Amino acid sequence: MNREQIDQYFKDNGMRVLLMDGFDEAFLGYSQRINEPEIAIYSYQKMIDTLIERDQMDYDEAVEYIDYNCLGAWVGKRTPIIVMPIEL
């Protein structure tokens, strides 16, 4: 799925969702709580994979980038959610 397809989906369904730039491959979908706006959802692991493949970062650089620039960002009620995997 590319950004145009994601944008078109939300437009067609009358939704305003804040998307992250550069992480279309990590986009999973959206979520919503009652009486709250729709929120985009991204995969933490796919975001790491994107930075490693696209930007040639090593694993630690990718984690640091995401932790600081994405997890550490608050841009209001529509701030995207990043899903973190749990390995037991």
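**Notebook: Ser43 and its surroundings**

I started with Ser43 and found its place in strand β2. Note to self: this is a predicted model.

Is Ser43 buried or exposed? I looked up its relative accessible area, which is 12%. Buried means under 20%, so Ser43 counts as buried.

Next I asked which residues Ser43 is in contact with, leaving aside its neighbours within four places in sequence. The list I got is Ala26, Leu28, Ile82 and Val83. Val83 came up again when I checked the bridges, since in β3 the bridge partner of Ser43 is Val83.

**The sheet**

That sent me to the strands. β2 and β3 run parallel, and three bridges join them. The sheet as a whole is open, has three strands in the order β1-β2-β3, and its pairing is mixed. Why is one side of β1 and of β3 left without a neighbour in the sheet? β1 (27–31) and β3 (81–83) stand at the edges and each has a single partner strand, so one side of each stays free of a neighbour there. I also looked up the twist: on average, neighbouring strands are turned by 30° against each other, direction ignored.

Then I checked what lies against the sheet. Helix α2 packs on it and touches β1, β2 and β3. The direction of α2 makes about 65° with that of β2.

**The core**

Which residues touch the most other members of the largest nonpolar core? That core has 21 residues, and the answer is Leu19, Phe23, Tyr42 and Met47. I wrote down the elements that give two or more residues to this core: α1 (3–12), β2 (39–43), α2 (44–55) and α3 (59–71).

I picked Leu19 for a closer look. Leaving aside its neighbours within four places in sequence, Leu19 is in contact with Arg3, Ile6, Asp7, Phe10, Phe27, Ala40 and Tyr42. Tyr42 is on the list of core residues above, too.

**The whole protein**

Last, I zoomed out. I counted up three helices and three strands, and from the N terminus on they run α-β-β-α-α-β. The C-alpha trace spans about 40 × 25 × 25 Å along its principal axes.

How much of the protein is buried? Of its 88 residues, 36% count as buried. As for the outside, the protein exposes about 6,300 Å², and carbon and sulfur atoms supply 49% of that.

One more entry on contacts: among those with a separation of 6 or more, 37% are between residues 24 or more positions apart.

Key: Residues numbered from 1 in each chain as written. Predicted model: local features only at pLDDT ≥ 70, side-chain atom pairs only at ≥ 80, totals over all residues. Heavy atoms only, no water. Core = buried A, V, L, I, M, F, W, Y, C linked by side-chain atoms within 4.5 Å. Buried < 20%, exposed > 50% of the residue type's maximum accessible area, 1.4 Å probe, protein only. Helix = DSSP H or I, 4+ residues; strand = E, 2+ residues; numbered from the N terminus. Contact = heavy atoms within 4.5 Å. Pairing = 2+ DSSP bridges. Axes fitted to C-alpha atoms, helices over the stretch in contact; angles between N-to-C directions. Areas by Shrake-Rupley, 256 points an atom, 1.4 Å probe, with all protein chains shown as cover.
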